[in-house]
Amino acid sequence: MFQVLSKQFLVLPLILVVIVIPLYLSVNFRGPKPGEISSSQSEETPMATNAFGVKVEKNPAQSKLTELGVTAWPKWSCGPSKFPWSFTATETMYLLEGKVIVQVDGHEGSFTIAAGDLAVFPKGMKVTWDVIEAVNKHYSLEK
């Protein structure tokens with residue numbers, strides 16, 4: 001009988017060490033995996049930044065794009081090139097394809113907008129667009 005009891009007492013610590021403790025640690029002390037939304041982010045509130053007075057929202061929710069009527073906006077496209085641009089009206093754009101490095105006149109540095117970005121450029125802003133990947137976008141001009 002002593003041998004049976006000693007085997008049971010050996011199995012219990014072994015189960016704790018091999019199964020229970022790693023399971024507890026994996027559930028309670030893991031960080032977010034790549035592509036996983038952490039508790040500080042939500043699918044409903046994509047990250048929006050303000051770069052030199054330009055509001056850029058990365059991958060806005062489809063519901064927001066639908067609400068804005070983006071698919072009914074005119075389209076504009078451009079191959080790789082570099083040119084100055086002045087916004088004569090506030091322009092909201094949604095990039096379907098491409099990548100642009102934007103330098104705002106009077107500011108050091110630049111920022112990038114790319115496919116999936118919704119950006120709002122204020123009226124009167126002067127920039128240099130460096131289109132590094134062909135752009136296809138929807139745009140809306142504020143009247």
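A residue counts as buried when its relative accessible area is under 20%, as exposed when that area is over 50%, and as partly exposed in between. I begin with that definition because it lets us place Val 104, which has a relative accessible area of 4% and is therefore buried. Please keep in mind throughout that what you have in front of you is a predicted model.

Let me first describe the chain as a whole. The secondary structure comes to two helices and eight strands, and if you read along the sequence you meet them in the pattern α-β-β-α-β-β-β-β-β-β. The chain has 143 residues, of which 27% count as buried. If we take the contacts between residues at least 6 apart in sequence, 69% of them join residues that are at least 24 apart.

Since this is a prediction, a word on confidence belongs here. The average pLDDT of the chain is 81, and 67% of the residues score at least 70. Over residues 27-45 the pLDDT is below 50, and in the model this stretch has eight contacts beyond near neighbours in sequence.

Now let us return to Val 104, which is found in strand E5. When we leave aside its neighbours within four places in sequence, Val 104 is in contact with Phe 52, Phe 111, Met 125, Lys 126 and Val 127. Its C-alpha atom is 9.7 Å from that of Pro 84, and these two residues are 20 apart in sequence.

Two of those partners, Phe 52 and Phe 111, lead us to the aromatic residues, because both belong to one aromatic cluster, which also takes in Trp 76, Phe 83, Trp 85, Phe 87, Phe 121 and Trp 129. How many aromatic pairs are there? With ring centres required to lie within 6.5 Å, the count comes to seven aromatic pairs.

Phe 52 deserves another moment. Phe 52 lies in the loop between E1 and strand E2, the latter covering residues 54-58, and although Phe 52 is not a glycine, it has a positive phi of about 60°. Is Phe 52 buried, exposed or partly exposed? Its relative accessibility is 28%, a value between the two cut-offs of 20% and 50%, so Phe 52 counts as partly exposed.

Asn 59 also has a positive phi without being a glycine, with a value near 45°. Asn 59 is found in the loop between E2 and helix H2, which spans residues 62-68. With a relative accessibility of 56%, which is over 50%, Asn 59 therefore counts as exposed.

Asn 59 brings us to Asp 117, a residue in strand E7, which runs over residues 117-121. Leaving aside neighbours within four places in sequence, Asp 117 is in contact with Val 56, Glu 57, Lys 58, Asn 59, Met 93, Tyr 94, Leu 95 and Thr 112. Why does Asp 117 count as buried? Its relative accessibility is 2%, and because that is under 20%, Asp 117 falls in the buried class.

Ala 48, in strand E1, is 69 residues away from Asp 117 along the chain, yet the C-alpha atoms of the two are separated by 9.6 Å. Ala 48 touches Lys 55, Val 56 and Glu 57, not counting residues up to four places away in sequence. Between the C-alpha atoms of Ala 48 and Lys 58, which are 10 residues apart along the chain, the separation is 6.4 Å. Ala 48 itself is partly exposed, with a relative accessible area of 43%.

On another strand, E8, we find Thr 128. Its partners, again leaving aside neighbours within four places in sequence, are Lys 82, Phe 83, Pro 84, Ile 101, Val 102, Gln 103 and Asp 105. At 21% relative accessibility, Thr 128 is not under the 20% cut-off, and so it counts as partly exposed.

Let me finish with the largest pocket, whose volume is about 230 Å³. The elements that give two or more residues to its lining are strand E4 (81-86), strand E5 (91-104) and strand E8 (126-141), and the largest share, four residues, comes from E8. In total 13 residues line this pocket, and Trp 76, Trp 85, Phe 87, Glu 91 and Lys 137 are those that lie nearest its centre. By class, the lining has nine nonpolar, two polar and two charged residues.

Technical notes:
Residues numbered from 1 in each chain as written. Predicted model: local features only at pLDDT ≥ 70, side-chain atom pairs only at ≥ 80, totals over all residues. Heavy atoms only, no water. Phe/Tyr/Trp six-rings, centres within 6.5 Å; stacked < 30°, edge-to-face > 60°. 1 Å grid on protein atoms, 1.4 Å probe; cavity = no way out; pocket = protein on both sides within 12 Å on 5 of 7 lines; lining within 4 Å. Points joined across faces, edges and corners; volume = space filled by probe spheres on them. Nonpolar A, V, L, I, M, F, W, Y, C, P; charged D, E, K, R; others polar. pLDDT = per-residue confidence, 0-100. Contact = heavy atoms within 4.5 Å. Buried < 20%, exposed > 50% of the residue type's maximum accessible area, 1.4 Å probe, protein only.
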